[in-house]
Amino acid sequence: MPAGRMVRWWVAALCLWVSCGSAAGQLQYSVWEETQRGVAIGNVTADLQLSTAALSLRNFRVLSSHNEPYFGVDLASGSLVVREPADRERLCGTKAACVLTYELVLEDPLELHKMLVHVLDANDNSPLFPAGDVQLHIPEFLMPGARFTLPNAQDADEGSNGMLSYSLNPSQHFRLDMGSRVDGSEYPELVLEKALDREERATHRLVLTARDGGQPARSGDTQVTIIVVDTNDNAPVFERTVYRTKVPETAPNGTVLFRVQASDPDEGSNGEIRYSLSNSTQAKLRHYFHVHPRNGEVRVAASLGPPETLLEAYIEARDEGTFALASTTKLLVEVTDVNDYAPEVNLLTLSSPVSEDVAPGTVIALFSVRDEDLGPNGKVICSMFSRGPFKLKASFDNYYSLLTDGSLDREQVSEYQILITASDGGSPPLSTRRTLTVSVADVNAPSFPQPQQELIVAENNGPGSSLGRVFAQDPDLGNNGLVYYELLDIIAEGQTASSLVAVETSSGAITAKTSFDFEQLKGFSFQVEARDGGIPPRSAAVTVNLFVVDRNDNAPVILFPLPRNGSVPVEIVPRSARTGHLITKVVAEDADSGSNAWLSYHISQASDSSLFRISANMGEIRTARLVLPTDAVKQRVVVVVRDHGDPSLSSSVTLCMLLSNSVPQVLPDFEDAWEIGHLSAQNLYLVIALACISFLFLGLLFFVCIELSQSPGCCSQSCCHSPEELRYGRKTASNPCMTSATIDVTTVERLSQTYFYRASLGLGFDNNRLLLCGEYSAADLRNVATGVGMNLPISCIQIRNRKGDHANVNVMVSKFYGI
C-alpha cells in the first residue's frame, strides 16, 4: 500500500477514534537535552497498563511529525529510550518550553495515545559577545560620571541558565553599571570614575565578563580597549625655573648665554613649542637679549652695561595648540667686572710731628683706599714698609689707620719714612704706592703707673683719716719734673668729691673729710690731676675708685613676731600636735652685708627645752616631741637671732606658748614666773613633800581658827575701811569671829589672749576684811559673800585697780560677827 495512502487511512482512523471517545489519557515524560542514545526515560507499557507481549501482538507504533526520531519505544522492554541526542536550542530556539509530541497507536482494538516529551534545558552554552572586542575613544577632558554603553552578551540557554550578570576587572578610572531598557531588559554601561590623563596613561584595557545563572555557571568575556584622546591640557614646562649665568662686561654681541629647554607631553601641535621674551621682562632690558624661537638659544644683543649688574629677564614657552598654553622661566645674567682700574690712596689726616711719649696704639694717620672695579677686582689690600714702630690696622670698609707699635725716642730717630702699598685682587693685580713722612716731637708730661687706682676704707672711719696716696712721675729735670696734685671736683653719688675727700697738693696724700657709712655709701670714684711745672704745663689724670668696707655695726632686727600694746606674743599649740608641728616662724633682717648679715636662730631659754626646737637657718619653731599631759599650760621661749660678724651681734624675742586644743576667750597672764613644764623625778618628790607640809600647816591653822571662833569677846560691830587705810597699814581690832574661805576662780573674757585669775575670800590685812581678786559685779559679790555666810551691805565693797589693760581688781569686804 502506498505510504501516502496509508497515512490518510491512519488519519481517518484517528479521527474516528477521537469521535468515538476511545482515546486514552496522554503520557508525559521529561528528559535533559543532549542525553545519550539508549537511555531509558520511561516505561510506556507500564504507564499504559499493557504487557510487553501486547505491543507486538497489537502492532504498536509511534507516530511523530519530526523528521528525526529522537525517541522510540523498545518493544522488548516497553521502555521509552533516546534514539538521537536532542539539542533543545536547535529544536525550540528561544521558547520557554520545549515539548515534542508523539502519537502511540495500538490495533485490535484500535487505541490512540498522546505522548509529550519535555526536553529540559541544560547549561551547555556559555555567554557570547557577538560584537567581539570593544574599542572606545574617550577624550581626557571628560569629567567623572560620563557613561558609555557596552554590548550585551547572548546565551542560548533558557531560564536561569540564560540569566546573565556582568562584571569588570578593577580599575581606578572606571566602574560598571547596568542600564535599563523600556522592555525591562538591562545592558552594561561603563562609568568614568576618575578623570583621564593621556600623558599619564594613553590606553586602558579592561575585561568585561558575562556570567550565567547555571549550575555550574558558565561565563564569557570580551576585552574593552579605551584609547584616551589628547587635549591641550598641559602647558610647556622648563627644565629649570631659574637660569643663572655670568658674563664679563666686555662680552661681544652674539655671545650665547645659555639654551633654555621646555617640554610638553601633549601630542601633535599641542606639544610643539615656540620660545620668546615674555612680556614680564622690563622694556629697557628687552634689547639686551635675543631668543631663538625653536632651539631656545639666548644671545647677547647689546652691551650689557656696568659691572656687578644683575639683569633679570623672562623667557616664555608657548605650545601651538588651539587654545595655546604657556609658561615662563627666569633668566638672571650677572655682569662681571674686568680689572681695568688701579687702587687709589686718599690721605684723610696725618699727625706730624708726633710726641715721643705717645702710647703704643696711638693713631697718627688715617687714609682710605678705593678701586673703581667691582668684586675681587675692587677688593684692596694695604701693606706698609717702615723701619720704625708703626703698624697698619683696618678700621671699617676701606679705611685704614696708621698706629704706633712701640715707644718713640726723638733723640734716636727724629723722622720716619713710611711706604704704603695698596693692591687689588684682580688677575693680574694692580697696585698703588704712597710715602708718608712722620716727625717725632719732644714732650714732658707726668704719668701715673696705672690709669686707675683703688683705695679701701672701713666704714665708721674718723674724719681726717688717711685713705692712701696717688703718685705720678715726670722724667724731665728742673721745674719740668715737679709734679703738683689737684682733686677734680666731680659729682659722685649725688655729692661733690671735695665734700668727701681731700688731696694734698705736693704729696698726693688722700684723706677723708667725713665718716663713711657702708649702708649709705658703698663706694665712689673721683679723679686726681697731676700737673708739672713746665711751660706750657702738661698734665695727666688718674681715676681713684674708693671702696667702703662693711663692719658689723648693725644688730639683727626682728620683723616678726612683734609685741602688740606692750604684750608678749602668744601662740596656741594644740595638745594633739605631733612631733615637727610648725608653731610659728621668726623673721629678722640685718642692714649689714656679707657674713655680717648672715643670720642664725637659736633658743636661748625655754620653760621646757625638750618641747620646742628651732630651725637655725629658717627660724621655724616646731615641736620637738609630742605634747604630754604633764606639760605646763603656759610655756615661754626666748629666741636669739645672731649674725656672723666679728664680733657677732644679736637680738632676742620672747614668745609665749599656750598648750590648748581650743582658743580661749581670754588669754592668761604670762608675766608671772616661768612655769615648770615636765618635772624630773627629784623635783616631783620635792613638790609632794612641800604639798604634805603645806597641808599639815593649813590643818593646824584651820584648827586654831575654830578655837578662836568659839571663844567669847567676839566683835559686836563691823566697819568698812577705805583703800587709803589699807594702803597706809591702818589696823582695827582683830576679830576672832571672822570666818575665812578660799576659792579658785577662772575668768575667760573675749581677748586676744587668755588669763587666769585667782580670787581669795578670807581674812584681809587686819583680820576683819574679806579680800577678793578678780572682776565682779555687785550682785556677784553679794552672791559670793552669801555663799560663805556673810551678809554685807554693798557700801562695804571697795574696788581698787592694780593693772592697766588687763586689770586685777581687788575687792575688800569686811564683816563683823557677834558672839
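**Exercise 1. Place Val 587 in its strand, then work out how open the residue is and what surface feature it helps to make.**

*Solution.* Start with the fold: Val 587 lies in strand S44, which covers residues 587–589. Keep in mind as you go that this is a predicted model.

Next, take the accessibility. Buried means under 20% relative accessible area and exposed means over 50%, with partly exposed in between. Val 587 has 33% relative accessibility, so this residue counts as partly exposed.

Now look at the surface. Val 587 joins Val 557, Leu 559 and Phe 560 in a nonpolar patch of about 310 Å². Strand S41, residues 557–560, gives the largest share of that patch, with three residues.

**Exercise 2. Find how many disulfides the structure holds, and describe the geometry and burial of the cysteines involved.**

*Solution.* Begin with the count: there is one disulfide. Its partners are Cys 92 and Cys 98, whose sulfur atoms are 1.8 Å apart. The cut-off for a disulfide is 2.5 Å between the sulfur atoms, so this pair qualifies.

Then check the handedness. The angle about the S-S bond is 65°, and the link between Cys 92 and Cys 98 is right-handed.

Finish with the surroundings: both Cys 92 and Cys 98 are buried.

**Exercise 3. Cys 656 and Cys 705: decide for each whether the residue is buried or partly exposed.**

*Solution.* Take Cys 656 to begin with. Its relative accessible area is 0%, so Cys 656 is buried. Now turn to Cys 705, which has 33% relative accessibility and therefore counts as partly exposed.

How values were computed
Residues are numbered from 1 along each chain as its sequence is written. This is a predicted model: local features need pLDDT of at least 70, side-chain atom pairs count only at pLDDT 80 or more; totals for chains, interfaces and linings use all residues. Side-chain values use heavy atoms; hydrogens and water are left out. Patches are made of residues with over 30% relative accessible area and no salt bridge: like charges are joined within 9 Å, nonpolar side chains (Val, Leu, Ile, Met, Phe, Trp, Tyr) within 5 Å. Accessible areas come from the Shrake-Rupley method with a 1.4 Å probe; for residues, only the protein chains shown count as cover. A salt bridge is a side-chain nitrogen of Lys or Arg within 4 Å of a carboxyl oxygen of Asp or Glu. Helices (H or I, at least four residues) and strands (E, at least two) are DSSP runs, numbered from the N terminus. Buried means under 20% relative accessible area, exposed over 50%, partly exposed in between (1.4 Å probe, protein chains only).
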